[in-house]
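Work through the exercises below with the sequence and the structure side by side, and try each task before you read its solution.

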Amino acid sequence: MRGAVSRPIVLGTSMALAMAGVAAATLAQEEGAEGSGITTIASGLTNPRGFDWAPDGTMYLAQAGWGGDNEVRLVEGFSVDNGLTSSIATVADGCATPVAVGLPSLLWVEAGWIWGAMDVAFLDGVPYALISGAGPSWFSPSSTSGVYRLNEDGTMTLIGDVSSWLPENPPEEIPFDYGQDGSLFDLEAAGDSLLLSEAVGGQLLRVSLDGEITSVADLSAGHLVPTGIAVDEEGNAYIGHETAAPYIEGGAPVLKVTPDGEVSDHLTGLTVTTDVAFGPDGALYASEMATGFSGETADMPADSGRIVRQTGPDSFEPVVTDLPYPVNIGFDSDGQLLVSGPAFAPDAGVGQGWIVSVDPSAGPISFAGFEPEAANC
């Protein structure tokens, strides 16, 4: 998320979001705490992002890593550490097992946000990964941001070269924090192709399996910063937005984009939305990274994130509250709501990530007082 030599703005500005600590375990929910009703699926992760399930039910998880040992110090407020610490892992039988390692990772030191492996999506039974923070404008000219096929031997094959496509296809409104390799956030299967969000530039892109990239919709007006995507049975995409700092309470909409690119409001009134997903009840759920902004600062109130369920075009109800910076959400085959986080943490978030699950019909459930137990794999 940056511009030509410029300083990036994390998914909009100051959105401070490896292999180290990749172990994880399925743990019993903590009894007697305010957080009871929450089950820890994985802990000890390093910047977990998006996840999806293989046809056999195995969960695949993207971990953005912790940056790396290559330090780039440009101007005050913009220092990055990059390397090859990102990974894709499976989560099965209580443990996370790396299946693709040594993937690009980049940490914006001052903000704490990390790019790398951002999401996983299955199409026709094949796993695909979204990689960001790679390419010339991210100070790693030998690597590429885009969509990769995950092969059975753990290698990755580039399918959609976003680093090459974006310079020839910039957004209509180019924000000051835009970088030509993009800031890729979410990946979803849609029919016979894949949809991805380019957050800072504000585009919804389609990638075909033969590598063709097209823009489904330009969402750059107003610098809304598109993030998570959900796709319905008709192929319509529903896209959450983080917006740019200073964040405005209730200022992050979910937009509906039809397959031919028609854009309309679907849900308004959210704040710093990071992901959306349809639940087993057919309702749209959304994760808000933080809430309670005063409008006077870009700082995110701690432990103020939540997951909400849509009840109308401009109304919703809380399902999980008091979350520390949730990132991605999804529903497993049992209809349980899964949440990954936190978006950012001290010490580059190494070993501090988790995935938890709740019964979406049991809410609202508070995360306050809940401490994911240490993994034991």
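Three exercises with worked solutions follow, and they concern a predicted model.

**Exercise 1.** Find the order of the strands in the open sheet that four strands form, and state which strands are its edges.

Solution. Begin with the order, which is 8-9-10-11, with antiparallel pairing. Next look for strands that pair on one side only, which are strand 8 (117–123) and strand 11 (156–161), the edge strands. Then take one pairing in detail: strand 10 (residues 146–150) and strand 11 are joined in the antiparallel sense over five bridges, and R149 stands opposite T157 in strand 11.

**Exercise 2.** Describe the aromatic pair of F78 and F139, and explain which parts of the chain it ties together.

Solution. Start with the geometry: the ring centres of F78 and F139 are 6.2 Å apart and the planes make an angle of 45°, and because this angle is neither under 30 degrees nor over 60, the pair counts as tilted. Now locate the partners: F78 belongs to strand 5 (residues 78–92) and F139 to the loop between strand 9 (126–131) and strand 10, so the pair ties together parts that are 61 residues apart in sequence. Finally compare accessibility with the cut-offs: F78 has 1% relative accessibility and so counts as buried, while F139, at 23%, counts as partly exposed.

**Exercise 3.** Characterise the lining of the largest pocket by its residues and their classes.

Solution. First note the volume of the largest pocket, about 520 Å³. The lining consists of 23 residues, and F51, D52, W53, E188 and G330 lie nearest the centre. Sorted by class, the lining has 15 nonpolar, three polar and five charged residues.

How values were computed:
Residues numbered from 1 in each chain as written. Predicted model: local features only at pLDDT ≥ 70, side-chain atom pairs only at ≥ 80, totals over all residues. Heavy atoms only, no water. Pairing = 2+ DSSP bridges. Helix = DSSP H or I, 4+ residues; strand = E, 2+ residues; numbered from the N terminus. 1 Å grid on protein atoms, 1.4 Å probe; cavity = no way out; pocket = protein on both sides within 12 Å on 5 of 7 lines; lining within 4 Å. Points joined across faces, edges and corners; volume = space filled by probe spheres on them. Nonpolar A, V, L, I, M, F, W, Y, C, P; charged D, E, K, R; others polar. Phe/Tyr/Trp six-rings, centres within 6.5 Å; stacked < 30°, edge-to-face > 60°. Buried < 20%, exposed > 50% of the residue type's maximum accessible area, 1.4 Å probe, protein only.
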